[in-house]
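Reader: I would like a close look at a single part of this model, with the reasoning spelled out. Please start with one residue and go on from there.

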Amino acid sequence: MIKRVAIADLRVGMFIHDLDCGWLDHPFVSNQLYVKDERAIRKLISTGLDHVYIDTERGHDVETAVEASVVDAALQLELETVAEANQATVSPVTSENERLRAKTLLYDATLQMRRIMEAVRSGRPLELHSLEPLIERMIQSAFSNPHAITSIARLKLRDEYTFMHSVSVAALLVTFARELDLPYSEIQGLVLGGLLHDIGKALVPLTVLNKPAALTDLEFAQMKQHVDLGSGLLCQLPGLDPVAIKVMQLHHERVDGSGYPLGLKQDQIDRIGRMAAIVDVYDALTSVRVYKEAWLPNKATKKLLEWSDSHFDRALVLHFARCIGVYPVGSVVALESGMLAIVVDQGNDLLRPLVRVVYNRKQRHFDRMRDIALEDSPTERIVGAVDPAVYGIDIERFL
Ligand SMILES: [Fe+2]
């Protein structure tokens with residue numbers, strides 16, 4: 001049985017099923033390990049973990065610990081309660097109509113980010129004027145329909161990760177800011193900050209940045225330097241928006257003080273930084289990396305909520321979950337009838353979005369494509385999110 005245990009209850013002889021820090025470039029070879037001595041426990045504590053998942057069939061048990069399935073059900077319920085309590089923000093354009101524009105925009109933005117980071121890597125000065133029209137286009141797209149840009153931004157190529165992640169974080173930040181009703185001037189700074197938040201990685205050795213295995217302690221320390229390196233680059237630019245600088249400097253801080261580089265806690269971290277941390281981790285979790293497959297958005301949102309006991313601002317995580325949806329556009333969901341469908345737009349009701357039925361799970365074949373507005377359907381409802389790869393569903397083909 002898989003159970004969640006506090007790090008303080010971890011003992012020699014337990015088997016860790018999941019370190020439960022999917023976002024972290026942690027110094028362990030695998031997410032699973034047998035706790036063979038006290039040294040291993042001390043190392044786990046030093047990474048800032050506050051709990052892990054153990055497999056009681058492969059090691060000692062903690063009788064009072066809660067089963068993983070119970071934790072998951074409670075988190076799902078919390079997300080659904082928040083979604084149900086509030087109407088979604090209505091978008092003036094459908095996600096499908098905004099999709100083409102968002103796709104071109106993300107392509108242009110990724111190209112720009114690659115140029116900027118390559119320029120920094122080869123020692124040329126930072127030149128940011130080219131980003132201004134892009135920022136305006138990103139804000140426009142997210143205000144027309146935020147789900148178009150955020151769903152496309154999730155589809156990354158493994159080797160383009162660093163550039164595409166920056167663009168994706170910027171897109172998610174503007175969507176988040178729209179949900180929080182932040183002023184336009186602040187949104188501009190957030191988007192710029194999203195694009196530049198990992199600029200310091202251009203000065204981290206490529207062998208460390210793209211290493212397809214666990215980082216050594218030294219490499220981990222080199223990776224963490226990207227924040228200070230980024231500060232060094234941005235602070236040379238006179239008049240750069242302070243909101244953008246905050247995104248860059250604070251996106252690895254954690255509310256329990258376990259983050260870096262400053263180890264700030266709670267309100268010591270400006271709200272901009274607490275927002276950036278959530279978005280940065282959500283995008284990393286839902287992306288393919290050199291060492292892991294992409295997580296389903298629904299799983300990533302639940303994990304953010306679980307980790308908000310220690311790492312993230314819980315109220316902000318719930319706002320974020322609301323703006324991307326319990327089942328974001330591009331998610332594949334199982335319906336009660338046994339059909340699988342792709343979420344194509346959020347509509348007014350986050351738990352009953354517009355879906356496109358594509359696959360018959362019982363008979364295991366693709367089915368006649370049809371759209372259902374679940375909000376108006378008396379018979380169909382979502383029973384959970386599923387992994388499209390398991391059924392060979394190429395989402396792009398159907399959107
Ligand atoms: Fe970073």
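Author: This is a predicted model. Ser-122 counts as partly exposed, because its relative accessibility is 47% and partly exposed covers the range between 20% and 50%. Ser-122 sits in the loop between α3 (95-121) and α4 (131-144). Its C-alpha atom is separated by 15 Å from that of Gly-230, and the two residues are 108 residues apart along the chain.

Gly-230 leads to the metal site, since helix α10 spans residues 226-234 and His-226 lies in that helix. The iron ion is coordinated by Asp-198 (OD), His-226 (NE2), His-251 (NE2) and His-252 (NE2), at 2.2 to 2.3 Å. Along the sequence, these donor residues follow the spacing D-x27-H-x24-H-H. His-226 belongs to α10, while His-251 is in the loop between α11 (242-250) and α12 (271-285), so the pair ties together parts that are 25 residues apart in sequence. The arrangement of the 4 donor atoms is irregular, because the angles they subtend around the iron ion run from 84 to 172°; a tetrahedral site would need all angles between 85 and 135 degrees.

Accessibility can be read for two of these histidines as well. His-226 has a relative accessible area of 1% and is buried. His-251 is at 0% relative accessibility, so His-251 also counts as buried. The cut-off for buried is under 20%, whereas Ser-122, at 47%, is partly exposed.

Methods:
Residues are numbered from 1 along each chain as its sequence is written. This is a predicted model: local features need pLDDT of at least 70, side-chain atom pairs count only at pLDDT 80 or more; totals for chains, interfaces and linings use all residues. Side-chain values use heavy atoms; hydrogens and water are left out. Donors are N, O and S atoms within 2.8 Å of the metal (3.2 Å for Na, K and Ca); water is not among the atoms, so sites may look incomplete. Four donors count as tetrahedral if all angles lie between 85 and 135 degrees; four count as square planar and six as octahedral if opposite donors are over 155 degrees apart and all others between 65 and 115; anything else is irregular. Helices (H or I, at least four residues) and strands (E, at least two) are DSSP runs, numbered from the N terminus. Buried means under 20% relative accessible area, exposed over 50%, partly exposed in between (1.4 Å probe, protein chains only).
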